[in-house]
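Grab a pencil and get ready to work through a structure step by step. Try each exercise on your own before you read its solution.

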Amino acid sequence: MDKELYIGSHVSMSSPKYYLGSVEEAISYGANTLMFYTGAPQNSFRLPIEKLRIEEGRALLKANGFNEDKIIVHAPYIINIANQLNDVNYGMAKSVLLNEVKRTAAFGCKTLVLHPGSHVNTGVENGIDSIVKALDEVLDKDGTDVKIALETMAGKGSEMGTSFEQMAEIISKTKHPERIGICLDTCHISDNNYNINDFDKILDNVEKTVGLDKLLVIHVNDSKNDVGAHKDRHENIGYGFIGFDALNAVVHNPRIPGVPKILETPFVNEMPPYKEEIAMFKAGKFNDWRK
């Protein structure tokens, strides 16, 4: 395995072990990084930090040689900072995001992945303005060193984050550009008409627009749909339209060795696929484990 390959998956965090259980789950997959939500992704209800067995989880990470700087938190889906027409909703989105940034820091983590949101038919420029204002307000008062990684999206409806040029504009307009980066999702950008088979060309685009130093996380997902579908339907590694070889080249690309690679592929027969998929990437060889 590459010396600096950080490969893992989304893991759950639930009672009774909470963060300790999340770390145990990642270890069981053969991972050396992980991504988790600090509560349910569909709502803003959050248990107090004190109940989440954080120190036990962090101790287990250390005992197993994990680099805490490579552990990723994902913000809940309900946050939409790309539309400011409704003051109540916009205010709530900023409040939830601020809380998630602080919670990320409480876990000892450095990176929070955030969907940029949808402009809801108000236009891309309004969406950019709304995102920038929200990020500035949150990062003005959060009191942490957490970075926000805006996730590339598949281009459904009025989604923001559909091109690296758009991400670059958002970052350039914030007051805190040093604390904003991107999370590249392979399924999303394939669905948004980027060719994963020519990943170095994609990295050239990233380097030219936001800079490779801004690439903080990669979500490694195959796609149930062909290039340009704008559907956002993840598939297991090697069973979709992107294919194992292209995704293996992403994972092992020498230009981005230290960037965490996180799997978000669907369960099979209600069982997580991550142990098998991580093993394939470590070996650099496809294994038809679903047959």
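Below are some exercises on this predicted model, each with a worked solution.

**Exercise 1. Trace the barrel.**
Find out in what order the strands of the closed barrel run, and how strand 7 is joined to strand 10.

*Solution.*
Step 1: Follow the strands around. The closed barrel has eight of them, in the order 1-2-3-4-5-6-7-10, and the pairing is parallel. On average, neighbouring strands in this sheet are turned by 30° against each other, if you ignore direction.
Step 2: Now look at strand 7, residues 215–220, and strand 10, residues 261–263. These two run parallel and are joined by three bridges.
Step 3: Pick out one bridge. His-219 has Ile-262 in strand 10 as its bridge partner.

**Exercise 2. Put helices on the sheet.**
Which strands does helix 9 touch, and which strands does helix 3 lie across?

*Solution.*
Step 1: Start with helix 9, residues 274–283. Packed on the sheet, helix 9 touches strand 1 (7–10), strand 7 and strand 10. The direction of helix 9 makes about 155° with that of strand 1.
Step 2: Move on to helix 3, residues 87–106. You'll find helix 3 lying across strand 3 (72–74), strand 4 (111–114) and strand 5 (147–151). Helix 3 runs at about 150° to strand 4.

**Exercise 3. Sort out a ring pair.**
Work out whether the aromatic pair of Phe-244 and Phe-281 is stacked, tilted or edge-to-face. Then decide whether each ring's residue is buried or exposed.

*Solution.*
Step 1: Check the geometry. The ring centres of Phe-244 and Phe-281 are 5.6 Å apart, with 20° between the planes. Planes under 30 degrees apart count as stacked, so this pair is stacked.
Step 2: Place the two residues. Phe-244 sits in helix 8 (residues 244–251) and Phe-281 in helix 9, so to speak distant parts of the chain: the two are 37 residues apart.
Step 3: Check the accessibility. The relative accessible area of Phe-244 is 7%, and that of Phe-281 is 0%. Buried means under 20%, so both Phe-244 and Phe-281 count as buried.
Step 4: Zoom out. Phe-244 and Phe-281 belong to one aromatic cluster along with Tyr-239, Phe-286 and Trp-289. The whole structure holds 11 aromatic pairs.

**Exercise 4. Follow one arginine.**
What does Arg-290 lie over, and which side chain does it meet in a salt bridge?

*Solution.*
Step 1: Look for a ring. Arg-290 lies over the face of Tyr-239, at 3.8 Å from the ring centre. Tyr-239 is a member of the aromatic cluster from the previous exercise.
Step 2: Look for an acid. The side chain of Arg-290 also meets that of Glu-235 in a salt bridge, at 3.2 Å from N to O.
Step 3: Ask what this bridge connects. Arg-290 is in the segment after helix 9, while Glu-235 is in strand 9 (residues 234–235), so the pair ties together parts 55 residues apart in sequence.
Step 4: Compare the two ends. Arg-290 is partly exposed, at 35% relative accessible area, whereas Glu-235 is buried, at 9%.

**Exercise 5. Explore other salt bridges.**
Describe the bridges Arg-53 to Glu-56 and Lys-156 to Glu-159, then find a network.

*Solution.*
Step 1: Arg-53 and Glu-56 meet at 2.8 Å, N to O. Arg-53 is partly exposed at 29% relative accessibility, and Glu-56 is partly exposed at 38%.
Step 2: In the bridge between Lys-156 and Glu-159, the closest N and O atoms are 3.0 Å apart. Here Lys-156 is partly exposed at 34%, but Glu-159 is buried at 13%.
Step 3: For the network, look at Asp-200, Asp-204, Glu-207 and Arg-255, which salt bridges link together. The count for the structure comes to 19 salt bridges.

**Exercise 6. Spot backbone oddities.**
Where do Pro-16, Tyr-18 and Val-120 lie?

*Solution.*
Step 1: Pro-16 is in the loop between strand 1 and helix 1 (19–28). The peptide bond leading from Ser-15 to Pro-16 is cis, with omega near 5°.
Step 2: Tyr-18 is also in the loop between strand 1 and helix 1. Its phi is positive, near 50°, and Tyr-18 isn't a glycine. Tyr-18 counts as buried, at 17% relative accessibility.
Step 3: Val-120 lies in the loop between strand 4 and helix 4 (124–141). Val-120 has a positive phi too, near 55°, and is partly exposed at 45%.

Methods
Residues are numbered from 1 along each chain as its sequence is written. This is a predicted model: local features need pLDDT of at least 70, side-chain atom pairs count only at pLDDT 80 or more; totals for chains, interfaces and linings use all residues. Side-chain values use heavy atoms; hydrogens and water are left out. Two strands pair if DSSP finds at least two bridges between them. Helices (H or I, at least four residues) and strands (E, at least two) are DSSP runs, numbered from the N terminus. Axes are lines fitted to C-alpha atoms, for helices over the stretch in contact, and angles run from 0 to 180 degrees between N-to-C directions. Contact means heavy atoms within 4.5 Å. Rings of Phe, Tyr and Trp (its six-membered ring) pair if their centres lie within 6.5 Å; planes under 30 degrees apart count as stacked, over 60 as edge-to-face and the rest as tilted. Buried means under 20% relative accessible area, exposed over 50%, partly exposed in between (1.4 Å probe, protein chains only). A charge sits over a ring if NZ of Lys or CZ of Arg is within 6 Å of the ring centre and within 35 degrees of the ring normal. A salt bridge is a side-chain nitrogen of Lys or Arg within 4 Å of a carboxyl oxygen of Asp or Glu.
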